[in-house]
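Here are my notes after a pass through the model, kept to strand pairing and salt bridges. Have the viewer open while you read.

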Amino acid sequence: MKNLNAKSFLILSFLFILFALNGKGDKLENGFERLKKYDYFQAKEYFEKSLESKMPGAAYGLSVIFSEDKNPFYNLDSARKYILISDSTFGIIKEKEKKYYFKFGVSNVSIGLLSDNICNKAFEVVETADTLEAYEHFLAGFFSCKEKSKVLALRNSAAFRNAIHSNTSEAYSKFIKTYPNAEETSRAMDMYEQRLFDEKTSDHNIAGYELFIREHPESSYKEEAERMIFKLSTIHQTIGEFADYARKNPTTRFSVDAWRQVYALSMKDFSEETFLKFKNNFPDYPYVNEMESDYKLQNYTFLPINKNEKWGYINELGQEIIAPQFDEASLFSDGLAVVVKNKKSGYINKTGKTILSFIYDDAENFKNGCAVIMKDSLYGLINRKGQIVINAEYDELGDPVDGFCVGSQKGKYGYVSQQGKALTSFSFDYATDFKDGYAIVSMVEKYGIINSLGKYVVEPTYDEIILIGNNRLKAAKDDLWGIIDYHGKIIQPLIYDAIGDYGNGLSLVAHSGKYGYVNDSGAIKIPIKYLYSSVVLSTGKFDKGYVLLRIKGKQLLADSTGTIVSFPGIENYSLPAEGYFPVMKNKKWGYVEASGKIKIPMKFEDAGTFQKGIAVVRSKGLYGLIDTLGNYLISPIYDKLIIQDDFVVVSKDGKKGMLTRDAILILPCAYNNIDLIGNKIFRGVNDARLVYVDTKGRIIYVGDIE
């Protein structure tokens, strides 16, 4: 160095600097060279060392390394961090400096492409993870990516899914507050109201529902609370219960129903004494004018008869009350009857006066103050005054149930309230009547459940849903069945081949050719070990605490604990009742008591369950009726015999007849159909004749059917 002059020193210094910038001493260039050779370790080291002095290029290089999933440094968060640094610093340097970075492939275009690639990879990662945490992470670190709007929607969906999983009013409220602009917010508000109602009224008592109404008077579930108060207040369906409810709740829509029930239950016989007693007991009855106008005629049962091809009415004494003048005539209901003149239907009262004109193409009987009518081939609903409460604009319309009618338009089903207000759109492929405030619907071959507000409580995701009792439903997916409640909570997983109806709190479940029973909490109470066939799905329902089980070709009797009832020497069993167990021994049927002691000897070909002290038995292929001593009340001479309350329907040679329980003949086996009218008149109809008799067999009328 001592021998170098000043000029030589300057030349060497310049060459050193030039070498440092452009030669092997340029760490940034070295980094990109190593990157080309996939030497990520050395490239990363060079980029990190040049980051402070050559930030746009070094940050770009680091971003490339962190964005490649084929190296140990793969980390999209770091890739995103460095591409943002490269982008922000590259944008503020001079054009002369940019030219330096161009030779390494660093430019606005390449930075943008790499940034988009990192965003896309990050989006794929969070979309695959599909968790709220993953989406929130993306929105925090990748907020400027073009996928942001998609991630926002997915984040909201995941958050709503979490709220549904929690299924509490608090969870839905938190979602609404946190994500007020989410597409799911409206649905969350519905679910919030529903769960708040369920939580506040979880005890299912009147006090709870009343407190809910006081605390949440604006809730859309107010009417549902009122409906439950009505149901719980009238649980025994007595006159006193209905009257107490009507007086205590005069402003609810159920007050009308309550008063109607008070009247219907009080006026069973329509005698003058009963009428005066009713007026005295219920001076506040709101429909007194309507009641008094009908009273004098209500104590008669009006029976349609045909004379000279015209229909009129007689009373139960056989006296003509309304002269034959109609083309068709139906039984009276709610004090009115549908009659037809000149192919048009109208309504008359028991004086024969036309109450609703003959303007309908078809009309049905009144039920609870309303009737379905058809006009111009479309159906609607009217009240007793003839006022249209639901416009005649439906292809089909059912009777009101729980205050709502199922209707159809253009092949799709929906609901309209008894007051004529649409509850839902007409978009369902299938819709059931409401029960306890819920209805089953389907769309695009998927089934769900709506509540009395028309809102989904179970989204249409199941292949089928069927009510099985105890506020439980069986639901199917991919040919496997489970049990859910009205809110979609899974009581039994969807793993069963079949599920039966509830009886005595137990339901049959079948799996892999075997069946057992679960309770309404989902616990298996009788092991799944009995031989399953489609037959037991209909026969295997518990009744009066017992069920018949099939195993190894035999039929066993079990109680609700699963304990097998077994008597020595018995070959077969049927369902017991009233202390009598039908059993078979030596191919003959008889009855034993719970101890196994014989009560009625084994002498029948078949033996039915006792009902109020009588049972159907078969002998020599024909059916009769016995008492608890085994004595015949009705000899075994009939092809079929069915007990109906205090009467017995019998069949012989394809024709029906009617007897009392003690074998008094009411109608011989000569009729195609027999029905009971007003609990005191039987009507028999065959191809040519119409006959009315009272419950003691006294003939009231015999005439032609045409």
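Before the points, one definition: two strands count as paired if DSSP finds at least two bridges between them. Keep in mind that this is a predicted model.

1. Start with β44, residues 689-694. This strand is mostly covered, with five of its six residues buried. Buried here means under 20% relative accessible area.

2. On one side in sequence, β44 pairs with β43 (residues 681-685) in the antiparallel sense, over five bridges. If you want a pair to click on, Ile681 has Asp694 of β44 as its bridge partner. Three residues make the hairpin connection from β43 to β44.

3. β44 also pairs with β45 (residues 699-704), again antiparallel and over five bridges. Here Arg689 is matched with Asp704 in β45. The hairpin between β44 and β45 has four residues in between, and the turn residue Gly697 shows a positive phi of about 95°.

4. Now the charges: searching the whole structure turns up 29 salt bridges. One of them joins Glu459 and Arg187, whose closest N and O atoms sit 2.5 Å apart. This pair links distant parts of the chain, as Glu459 belongs to strand β18 (residues 456-462) and Arg187 to helix α11 (residues 185-200), 272 residues apart. How exposed are the two ends? Glu459 is partly exposed at 33% relative accessible area, whereas Arg187 is buried at 18%.

5. Next, look at Asp402 and Arg227, whose side chains meet in a salt bridge at 3.8 Å, N to O. These two also come from distant parts of the chain, 175 residues apart: Asp402 is in the loop between β12 (396-397) and β13 (404-409), and Arg227 is in helix α13 (residues 222-233). Asp402 is partly exposed, with a relative accessible area of 29%, while Arg227 counts as buried at 8%.

6. A salt bridge between parts 17 residues apart in sequence is that of Asp429 and Lys412, with an N to O distance of 2.3 Å. Asp429 lies in the loop between β14 (412-417) and β15 (430-431) and Lys412 in strand β14, so the pair ties those parts together. Both ends are partly exposed: Asp429 has 30% relative accessibility, and Lys412 has a relative accessible area of 32%.

7. Finally, which residues join into one network through shared salt-bridge partners? They are Glu224, Arg227 and Asp402, so select the three together when you revisit point 5.

Conventions. Residues numbered from 1 in each chain as written. Predicted model: local features only at pLDDT ≥ 70, side-chain atom pairs only at ≥ 80, totals over all residues. Heavy atoms only, no water. Buried < 20%, exposed > 50% of the residue type's maximum accessible area, 1.4 Å probe, protein only. Salt bridge = Lys/Arg side-chain N within 4 Å of Asp/Glu carboxyl O.
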